[in-house]
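Thanks for coming. I will take a few minutes to walk through one structure for those who have not seen it before.

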Amino acid sequence: MSDSDTSSHGGDYKSFRQITRDRLLSEMLRSTRMKDTKSSWKVLIMDKLTVKIMSHSCKMAEITEEGVSLVEDLYKRRQPLPSMDAIYFIQPTKENVVMFLSDMSGKAPLYKKAYIFFSSPINKELLMRIKKDTSVLPRIGALSEMNLEYFAIDSQGFITGHDRALEELLGENAEGSQKYNACLDTMSMRIATALASLREFPYVRYRAAKSSMDASTVTTLHDLVPTKLAAAVWNCLSKYRTIIPDFPQRETCELLIVDRSIDQIAPIIHEWTYDAICHDLLTMDGNKYAHEVTDKTGSIEKKDVLLEDHDPIWFELRHAHIGDVSERLHEKMTNFVSKNKAAQIQHNSRDGGELSTRDLQKMIQALPQYSEQIDKLSLHVEIARKLNRIIREQWLQEVGKLEQDLVFGDAGTKELISFLRTKQDVSRENKLRLMMIYSSIYPEKFEGDKASKLMQLAQLSSDDMIAINNMRFLGCSATKKSSKSSFPVKFDVHKKKHAVRKVRNNEETTWQLSKFYPMIEELIEKLSKGDLPKDEYPCMNDPSPTYHGTTHNASVRTNQTQSLPAHSVRSRPTATWARPRSSDDGYSSDSVLRHASSDFKKMGQRIFIFIIGGATRSELRVVHKLSTKLKREIILGSSSIDDPPQFITKLKMMSTQELSLDDLQI
C-alpha cells in the first residue's frame, strides 16, 4: 500500500473503514493466495481480539471470497487439516505464540503451511522462539506485522476496546494501580496502528495538565493522562517511521488527544438524532436490534436487524433529528405509493382523505413484488413510531428542554426543583441524568451535605450519588496545594455565568432541542484554523523555536484550508451532511451509499481526535458534519463508544472495587 493511496499527500480518498477493510482482505488474506493455483481454500485462525477487529470491518462473504473456507478460534479444539494452509491473524502474545507452535510443530502439524499476521509489533524474544523451532520454520509461508489493532466502528471512527479506561486511568484509585501503565501502553499502541494503517504521521497535540498553567495546583496522574498518552503514541510512531516501508518522514496530519473531562455533559444529555436516540432508548446489542414483525398468520416474531451503514435508509437518516426522521419516512411511504400503479389502485379503492404512515405501510406490505424496499421502510417506520411513543411516555421533551436550558444558562436551581416536584412520573434514570448535568454546572451545590435535599426530592439512592460524585471528580483538573477540604478539587466552571455552552448564532435550528453541541466541535474547528491555545494544547513535535511564540505555527500547516469559505452555515440541524435533498422516496436512499465516498476526494489533511474515557454518538455525528464543512476528513478515536446508561455505569465503577460492568447496570 503506497503512501499516496492513504495519507494526506494526495490521491483519491477511501474512508478510514474502507482502508482498514482493504488491508485485511488484500494485504493479509489475498496475499496468501498462490498465483499458479486457481482455487486454494484456507483456514483463518484468530484470537478473541482479532475476531472483533475483523468483524468490525469485513463481512463473512468478503472473507470467503478471498479463499477462506473455515474460520476457527485459536483456543478451541480444532480438527487437523493437514492438506490445507492456515492464516493466523493473532496478537503477538506469549500465549498465542505457544498455541501457534503447538499447532505447527512435530511430525503431524494441524495444517500444511502457516501464514502468520500479527496485529501489532512482536517482541524479539517471541520472534526468536519461533525461529528456533526447526520443525515449524519450514512450514511458515509468511510472517508479518499488520500493525492493525483497533476496531473500526464507523467510516470515520475507531475504538481501542478499553471499556474500563475511566476506572483504570481517570478513577480515584488509578494512581499506583498496576493497570494504569498497562492500559496506557496498549491504548497508545492501538492508536499508533490506526495511524499506521492510513500511513499518517501526525503533529501530536494533547490537553495539558492544569498544573503546567497554574502554579497553585498539584499534578496528579489523573491530570497527566493525555500528556502520557501523547508521549507514548509519539514513541510508537517514531519507531514506525524507521521500520514500516513508505511511512511518511514528515508530518501529514493532526492528532489531538483529550480526555472525558473536557466535556462531561455530552455523554449524559439526551441527543435527539436518530442514531443516538436509538442506542439510548431502545434495547440494542451493539448495532443489533430485535425487530418485531408480524407474519402472514398474524403471529409476532422477533427478527435481528443490524442498524449499520449497509442499510441505505439508516445511512441517510442516522444523523437527522428524530422529528425530521418521522417526516421523511412518511414522505418516502407517500412517494412509494405514488410511483407504483398497484399501490395506487389500492389507494383509489379506499375512502378519500389523507393517509397516515401506518395506512401507507399496510397498503405497501400487500405488494409482494416490492418486499425488499418495504422491509427496509417498514423497519424504520416501526422504530420511529416506537421512539416517539417512548418520548411521550417518559416526558422526554420536557426533560430534554430542562437539560438544554441548564446547559445554556436559561434555567437553574429554581427550575430544577420545580420540575422534580411537578414531574413525579419521570424515571429515576432521567432524574439522575438531570442531576448529573446540574452538578457539572453547579458543583458548589454538591459540596458537603448540600446535595441531600435535592437527592431526596429526586428520590435518588446513595448508589446514584456515587455517579454524581465521580462525575464531579472527573471534572476536576487538579488539586489545589492549599486546599484542606475532604474533596479538594478545582472545577473548570465560570461561577458568574452558569451557561456551559454558548449559543452558536451562525447555525439555524428548525427542530426543538437541537441547539446542544459537544465541545469537540469547537476544538476541531479551532485546530483546523490553527487557533488552539498552545499553553492548553501543546504539541509533542512542534517545530516552533519558542514554546510561547506569538505566531501559531499550526496556521501555516493548515493553509490549504484558507481558500475555503470562512463560514459554512447549515440551514437546519439536519443539513446537507445528513440529508441529500433528492432522497425523498423508497428508492433514492441507495444513491447515498453509492456516492458517499466521492465526498472525500481531494480533501485537505486529516484530523484525528482521540477521547480517553469514552466517546458519544453526538461526537461521532460531529466529525461527519465537520468533515464536509472543513473539507478535511476527521476521524474520531476513543477507548470506547458509550451510550448514557453505559457511561453512568462506568462512572459508578470509578470508585468501586472488584465489580464487573454487569454488577452496576442502571
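I will start with the whole protein, then go to a strand, a helix, two loop residues and a cavity.

Keep in mind that this is a predicted model. The protein has 666 residues, and 55% of them are buried. Its secondary structure consists of 25 helices and 16 strands. The accessible surface is about 30300 Å², and carbon and sulfur atoms account for 49% of that. On contacts, take the pairs of residues at least 6 apart in sequence: 78% of those contacts join residues at least 24 apart.

Now the strand. Please find S3, residues 85–90. Is S3 enclosed or open to the outside? Six of its six residues are buried, so the strand is largely enclosed by the rest of the structure. The cut-off here is a relative accessible area under 20%. Going face by face, Asp85, Ile87 and Phe89 are buried on one side, and Ala86, Tyr88 and Ile90 are buried on the other. So much for the faces; next, the strands that pair with S3. One partner is S1, residues 42–46, which runs parallel to S3 and is joined to it by five bridges. In that pairing, Lys42 has Asp85 as its bridge partner. Another partner is S4, residues 114–118, also parallel to S3 and also with five bridges. There, Ile90 stands opposite Phe118.

Next, a helix. H21 covers residues 520–529, and seven of its 10 residues are buried, so H21 too is largely enclosed by the rest of the structure. Which residues of H21 are the buried ones? They are Ile520, Glu521, Leu523, Ile524, Glu525, Leu527 and Ser528. As you can see, two glutamates and a serine are on that list. The cover over these residues includes four strands, namely S8 (202–206), S10 (253–259), S15 (604–612) and S16 (632–638), along with helix H24. Just after H21 comes Gly530, with a positive phi of about 80°.

That brings me to positive phi in residues other than glycine. I have two examples. Trp395 has a phi near 55°. Trp395 is in the loop between helix H15 (371–393) and helix H16 (396–407). Its relative accessibility is 33%, so Trp395 counts as partly exposed. The other example is Lys631, where phi is positive at about 55°. Lys631 lies in the loop between H24 and S16, two elements that are also part of the cover over H21. At 41% relative accessibility, Lys631 counts as partly exposed as well.

Last, the cavities. How many cavities of 30 Å³ or more are there? The count is three. I will describe the second largest, which has a volume of about 110 Å³. Its lining is made up of 13 residues, and the closest to its centre are Ile269, Glu271, Ala276, Arg617 and Pro644. Two helices each give two or more residues to this lining: H10 (274–281) and H24 (617–630). H10 gives the most, with three residues. What is the make-up of the lining by class? There are five nonpolar, three polar and five charged residues.

To tie this up, H24 has come up in three places. H24 is among the elements covering the buried residues of H21, Lys631 sits in the loop between H24 and S16, and H24 contributes to the lining of the second largest cavity. That is the end of the tour.

Terms used:
Residues are numbered from 1 along each chain as its sequence is written. This is a predicted model: local features need pLDDT of at least 70, side-chain atom pairs count only at pLDDT 80 or more; totals for chains, interfaces and linings use all residues. Side-chain values use heavy atoms; hydrogens and water are left out. On a 1 Å grid over the protein atoms alone, a cavity is a set of points where a 1.4 Å probe fits but cannot get out, and a pocket is an open set with protein on both sides within 12 Å along at least five of seven lines; lining residues have an atom within 4 Å of a point. Grid points are joined across faces, edges and corners, and a volume is the space filled by probe spheres set on the points. Ala, Val, Leu, Ile, Met, Phe, Trp, Tyr, Cys and Pro count as nonpolar, Asp, Glu, Lys and Arg as charged, and the others, Gly among them, as polar. Buried means under 20% relative accessible area, exposed over 50%, partly exposed in between (1.4 Å probe, protein chains only). Contact means heavy atoms within 4.5 Å. Accessible areas come from the Shrake-Rupley method with a 1.4 Å probe; for residues, only the protein chains shown count as cover. Two strands pair if DSSP finds at least two bridges between them.
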